[in-house]
Amino acid sequence: MRASNRRAVIAGVHNTRQARRLEEETSRSLMVKAVLGALDDAGLALSDVDGVSAMADSTSLIYDLGVGPAWQGQDFGAGMFAEAAAAVEKGYAEVVVLVAAQAGSYTDRAATAPWTRPENEFVAPWGMFTAAEFALIARRHMEVFGTTREQLSRVAATIRNNGDRNPEAIYRGRGPFKPADITASRPIAEPFHLLDCAMTSEGGCAAVVTTAERAGSLRRDPVHVLGAGVDFFGPSYQFPPSFDLRGRRDAPSNGWAGRRAADLAFRQAGIERDDVDVLELYDPFSFEIIRQLEAMRFCPEGEGGPFVEDGRIELTGSHPVTTDGGLMSFSHAGANPQMMQRVIRGVQQLRGDAGPLQVPGAHVALCTTGGAGALFTGVILLGDDLP
Amino acid sequence: MTTRLRAQTREVPHAVPSEVTAPFWDGCARGELLFQRCARCRAITFPPSEHCRGCLARGQVWEASAGRGTLYSWTVVHRPVTPAFDPPYAAAIVTLDEGYQMLTNIIDAAPDDLRADLPVRVSFRRVGGDLRLPYFVPA
Ligand SMILES: [Zn+2]
């Protein structure tokens with residue numbers, strides 16, 4: 001077997017139904033539906049699977065799906081795909097199914113979602129939660145670089161307008177949005193207003209990672225994993241989310257989380273920033289898009305605000321971002337499903353499955369997960385072919 | 001005319017301190033803002049840790065901060081994390097003059113007064129129960 005045939009590909013993806021609340025579902029029922037959906041998309045069966053990646057649920061899923069003996073993954077977000085890709089390239093597994101789902105755990109609507117509430121003794125007494133963590137990063141950038149409230153609104157309006165036109169988005173048909181609509185929504189954690197923020201919802205998703213050789217005979221054209229990287233600065237929501245937090249190496253600070261990861265991913269892929277056709281950026285809050293464009297060197301530091309002002313990040317622009325409506329408008333279920341869905345959207349774009357939101361001639365997608373407010377960012381580069 | 005930012009008055013979420021962190025909260029109860037300084041390399045570690053985050057030595061010594069610093073970043077929260085918090089409040093990162101950063105809330109200020117590098121000083125306030133929290137006010 002030639003080594004190149006073991007290059008990792010994504011052979012199938014599936015999103016279950018997404019909704020604000022899926023009364024009849026549990027996280028487990030959604031996981032099962034997602035796994036079967038992704039395998040069907042790939043043209044594979046459970047009997048082909050010898051690897052499962054579902055964070056803490058990996059081991060019980062191996063048992064419940066009856067796929068043992070199998071490799072089990074532990075990572076999440078972009079790192080989950082990188083881990084699975086490494087596993088098939090190394091030969092630890094042939095067919096890995098990656099899955100995440102969430103239903104039924106967020107019912108107390110008087111509070112923010114449970115996974116957003118820190119319990120650390122140096123964080124919780126100050127009324128911190130996810131929006132506030134990311135707001136501290138955004139505010140510092142606005143003070144240092146002069147990024148404006150209107151620039152944040154431009155980002156949120158762009159992403160929400162993508163979701164408005166996406167038949168699969170929970171907030172389909174809610175638009176169109178003008179930047180002024182974002183600014184006019186009620187303040188949550190300033191600078192963020194309601195429409196700068198992700199929604200909360202329920203849903204599941206799955207993907208199948210295998211080798212190029214195995215994928216050659218499957219139902220869909222494979223999407224190649226060209227490169228990936230992950231940057232972590234520490235546990236989320238336990239320490240001050242400082243833009244200038246840095247480790248002991250001469251390396252980017254937390255405000256530029258994702259730069260090292262992106263540099264590594266591009267080096268592995270052997271391509272340049274200009275080769276990227278679509279950016280499925282993780283959008284928990286509007287400012288994250290501006291920050292990630294700077295962190296990943298799509299524009300110089302401090303110029304992300306002006307960069308998003310002229311339509312560049314819209315579907316018809318040079319750098320279309322978050323084309324399904326993202327966490328703001330498509331879905332934001334639990335911790336990991338919404339991260340996996342950034343990668344799944346990249347796959348959809350490269351397979352030409354994005355319907356009214358298809359980026360014409362999309363050959364390379366960059367997908368991200370995480371953000372500086374949470375002290376980590378993951379990056380993965382996908383291609384419809386090897387460069 | 002904007003609302004004035006105030007300290008919380010009712011009980012707020014607060015985890016039980018560990019052996020490592022208890023001296024900090026005991027300091028707050030006395031009106032002292034403590035941090036750990038390494039006996040070996042003199043580096044400051046905050047939030048507290050078993051090991052110096054500079055040289056990884058154990059044997060750090062608690063020291064009192066002068067409680068003065070500058071505002072690094074902030075967010076005025078209007079939609080609180082749980083109903084336990086009365087909005088609006090300004091969650092913030094301050095940089096202490098000793099050179100470390102901590103999370104806090106800025107109080108006794110109007111939201112429009114807040115700006116990067118605003119001089120601030122610590123002000124201990126009792127919230128529900130026996131808990132005294134190190135808030136910061138404009139200096
Ligand atoms: Zn030391």
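## Two interfaces, worked through

Across the interface of chain A and chain B the rule finds no salt bridges at all: the count is zero. Keep in mind that this is a predicted model. Let's work through the contacts.

**Exercise 1.** Work out how many residues each chain brings to the contact, and how much area is buried between chain A and chain B.

*Solution.*
- Step 1: Count the residues. Chain A puts in 34 residues and chain B puts in 44 residues.
- Step 2: Look up the area. About 3,200 Å² is buried between the two chains, and carbon and sulfur atoms give 63% of that.
- Step 3: Find the big contributors in chain A. A:Glu121, A:Phe122 and A:Trp126 lose the most area to chain B, and together they make up 27% of what that side buries.

**Exercise 2.** Describe what holds a place on the side of chain A that touches chain B: which polar contacts, which elements and which residue classes turn up?

*Solution.*
- Step 1: Start with polar contacts. With both residues at pLDDT 80 or more, 20 residue pairs are in polar contact between chain A and chain B. A salt bridge here needs a Lys or Arg side-chain nitrogen within 4 Å of an Asp or Glu carboxyl oxygen, and the count of those across this interface is zero.
- Step 2: Spot the elements. In chain A, α4 (130–145) and β5 (187–189) each supply at least two residues to this side. The most comes from α4(A), with six residues.
- Step 3: Sort by class. This side of chain A has 20 nonpolar, three polar and 11 charged residues.

**Exercise 3.** Now stay inside chain B: say where its domains lie and how they meet.

*Solution.*
- Step 1: Set the bounds. The domain assignment gives domain 1 (18–64) and domain 2 (66–139) in chain B. Their C-alpha centres lie 21 Å apart.
- Step 2: Count the contact. Domain 1 of chain B brings 13 residues and domain 2 of chain B brings 14 residues.
- Step 3: Add the area. About 970 Å² is buried between these two domains, with 76% given by carbon and sulfur atoms. On the domain 1 side, B:Cys28, B:Leu33 and B:Phe46 lose the most area to domain 2, together 49% of what that side buries.
- Step 4: Check the polar side. The rule finds zero salt bridges between the domains and one residue pair in polar contact, both at pLDDT 80 or more.
- Step 5: Name the elements. α1 (22–30) and β1 (34–38) of chain B each supply at least two residues to the domain 1 side, and α1(B) gives the most, with five residues.

How values were computed: Residues are numbered from 1 along each chain as its sequence is written. Chains are lettered from A and ligands numbered from 1 in the order in which they are written. This is a predicted model: local features need pLDDT of at least 70, side-chain atom pairs count only at pLDDT 80 or more; totals for chains, interfaces and linings use all residues. Side-chain values use heavy atoms; hydrogens and water are left out. Contact means heavy atoms within 4.5 Å. Buried area is the accessible area (1.4 Å probe) that two parts lose on being put together, summed over both. A polar contact is a pair of N or O atoms within 3.5 Å; within protein, one must be able to donate a hydrogen and the other to accept it, and residues adjacent in sequence count only if both atoms are side-chain atoms. Helices (H or I, at least four residues) and strands (E, at least two) are DSSP runs, numbered from the N terminus. Ala, Val, Leu, Ile, Met, Phe, Trp, Tyr, Cys and Pro count as nonpolar, Asp, Glu, Lys and Arg as charged, and the others, Gly among them, as polar. Domain bounds come from an automatic or database domain assignment.
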